[in-house]
Amino acid sequence: MDYMEVWNEIVDDFKNNRYSKEDIIQALWESKLRKMLHGGDCEFVKQKPVKMGVGKKKADIVIQQNGKDVAVVELKQHTLSRSAGQGQLFSYLNQLKLVKIGILVCDKLYIYDYDVIKSDEENERNCLEIPFEKDSELGAKFVELFSKKQFDSEKVHEFIAEKIRSALNIKNLREEITNSKELIIGLLKKEFTSKYDEAEFDEVMKEFDIQIVKKVPAEVFAPKIHGTIVHIPLAGKEKKGDLDKLQEYIRTVGMSTFVKYYEQFANPHFDPKDVKQVMRNNGENWKPNSFDTKASAGKWITQNGYGEEALKRIAGANKTDSETIQKALELLRNINK
């Protein structure tokens, strides 16, 4: 089996069924799991009843190995974020106490190494996130780990733990570098005061402002070429009033909210009411009028052709979190492909 080929098929299914109902998504994943697990000692059960209090609920898919439950798959519409399905997945895992692997399919693929004795907050952190992007090494590894000849729950546990450790190290290093201004000044001072007087160094440094700013990849700002037409994705000819209004609307919708719901804002088939419903489905805890103002502001930005410019401003912003910046950069790369 070509693991990358199977993963790319999964990505195609995801993109082609971005707004499909869950029964269609269920059928697609049953087909893929059947292909991945066929001929091995694993199989899956669809819509398996799981006892919940006095009643029962049906888990979308339960993967079994030699007749024992080993993983639970929760499927949600691809427009929804992990908050829409994580609680339900954890409920199944909590009831099936020997099952430690949870898979959530929604806007991304989330693989959980679940521990029933840990809190939901701890289990939420113990998760590997894989975007649905073609030629993804992580995606191909997912297919490999859940294929007929390779499945081993301990290998899945080790893989998730390793990737989570690496992601945490990268996050910590990014934060340390972002906040390393004093360190850099200290190193400069140590270097130059071996040749110059310390007072002279301090006097010259008054002329400089050292900042650590996350760079935006050059290809994000490169012209997009379609045939003989070159489209420059920069807002250089817009009226100043429009750009001032753009900045106002970015503040209204919020940078993190804009990138989180960008695909809904940019979808011409979604009006503000549709966007607002997706936000509610994701469990956003805002005041009622905030849903209206955020949805309307986000739609104004994309409908007036400022979506890409807004993403560039967010990607280059100093006063926002690194996760939002990364999401904005990811969206820009997809736009410029």
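How much accessible surface does the protein chain have, and what share of it belongs to carbon and sulfur atoms? The surface adds up to about 19,300 Å², and carbon and sulfur atoms account for 50% of that. Keep in mind as you look around that this is a predicted model. Let's start with the whole chain and then zoom in on two residues, Asp-120 and Gln-264.

**The whole chain**
- The protein chain has 337 residues, and 42% of them are buried.
- If you go looking for secondary structure, you'll find 15 helices and 8 strands.
- Take the contacts in the chain with a separation of 6 or more: 59% of them link residues 24 or more positions apart.

**Asp-120 and its charged patch**
- Asp-120 sits in helix H4, which covers residues 120-125.
- Asp-120 has a relative accessible area of 42%, so it counts as partly exposed, the class between 20% and 50%.
- Together with Glu-121, Glu-122 and Glu-124, Asp-120 forms a negative patch on the surface.

**Gln-264, tucked away**
- Now hop over to helix H11, made up of residues 262-266, where you'll find Gln-264.
- Is Gln-264 buried or exposed? Its relative accessible area is 2%, and since buried means under 20%, Gln-264 is buried.
- Which residues does Gln-264 touch, once you set aside its neighbours within four places in sequence? Gln-264 is in contact with Thr-79, Phe-270, Val-275, Val-278 and Lys-299.

Methods:
Residues numbered from 1 in each chain as written. Predicted model: local features only at pLDDT ≥ 70, side-chain atom pairs only at ≥ 80, totals over all residues. Heavy atoms only, no water. Patch = residues over 30% accessible without salt bridge, like charges linked within 9 Å, V, L, I, M, F, W, Y side chains within 5 Å. Areas by Shrake-Rupley, 256 points an atom, 1.4 Å probe, with all protein chains shown as cover. Salt bridge = Lys/Arg side-chain N within 4 Å of Asp/Glu carboxyl O. Lys, Arg positive; Asp, Glu negative; His and termini not counted. Charge placed at Lys NZ, Arg CZ, Asp CG, Glu CD. Helix = DSSP H or I, 4+ residues; strand = E, 2+ residues; numbered from the N terminus. Buried < 20%, exposed > 50% of the residue type's maximum accessible area, 1.4 Å probe, protein only. Contact = heavy atoms within 4.5 Å.
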